[in-house]
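Colleague: I would like a close look at a single part of this model, explained slowly enough for a first-year student to follow.

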Amino acid sequence: STLLRTLKAHGPGCPPPTIQQSLDALTVQAKSGHVGAGAALGQMYVTGVPFGHDLEKAQMYLALMPAGKNPKAALRLGITLLSDPEDKAQGHPAARAALAKAAAGSDLGTSLTATTLLGQLDTPVAPAPPTPKATP
């Protein structure tokens, strides 16, 4: 959409009225079921550009996205959420939710990627082997 292109092109450099008008319009679209708008808002709230970081709002827009619809957008959001420190500290609930929605889609590549990432989240990380001590 034109709103998304404007926000992505100018980001925080957009005049505040433009940012607010874009936010209002995208919010209406997302709450009306437009998956792309919801995914874009989630992504923007995770990265913090241009609205500021807000994991709770990102999760709210993620919850509005139906599973299997626009799985590529859900995958992008899930990948972004994997690097979010707040989501990581909570065990990645938002990343898991986004990846599960991506895995439910009919696009095989997207589904496989999301499933693999979910599997990696559930695989315990083995501790590093001890470093051998040098002998004199």
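Which residues does H92 touch, not counting residues up to four places away in sequence?

Modeller: Before the details, please keep in mind that this is a predicted model, in which local features need pLDDT of at least 70 and side-chain atom pairs count only at pLDDT 80 or more, while totals for chains, interfaces and linings use all residues. Residues are numbered from 1 along each chain as its sequence is written, and side-chain values use heavy atoms, with hydrogens and water left out.

With residues up to four places away in sequence set aside, H92 touches L81, L82, D84, D87 and L121, where contact means heavy atoms within 4.5 Å. H92 itself sits in the loop between α6 (85-89) and α7; helices here are DSSP runs of H or I with at least four residues, numbered from the N terminus. H92 has 9% relative accessibility and therefore counts as buried, a word that stands for under 20% relative accessible area, with exposed for over 50% and partly exposed for values in between, using a 1.4 Å probe and protein chains only.

From this loop we can go on to helix α7 (residues 93-103), whose axis comes within 7 Å of that of helix α8 (residues 108-122), the two crossing at roughly 145°. The axes are lines fitted to C-alpha atoms, for helices over the stretch in contact, and the angles run from 0 to 180 degrees between N-to-C directions. On the α7 side, R96, L99, A100, A102 and A103 take part, and they meet T110, S111, A114, T115, L117, L118, L121 and D122 in α8. By class, this contact of α7 with α8 has eight nonpolar, three polar and two charged residues, where Ala, Val, Leu, Ile, Met, Phe, Trp, Tyr, Cys and Pro count as nonpolar, Asp, Glu, Lys and Arg as charged, and the others, Gly among them, as polar. L121 thus appears in two places, since L121 is among the residues touched by H92 and also belongs to the α8 side of the helix contact.

A further link leads from A94 to E56, for these residues are 38 residues apart in sequence and 9.2 Å apart in space, C-alpha to C-alpha. E56 lies in helix α4 (residues 55-64), and because its relative accessibility is 64%, E56 counts as exposed, whereas H92, at 9%, counts as buried.
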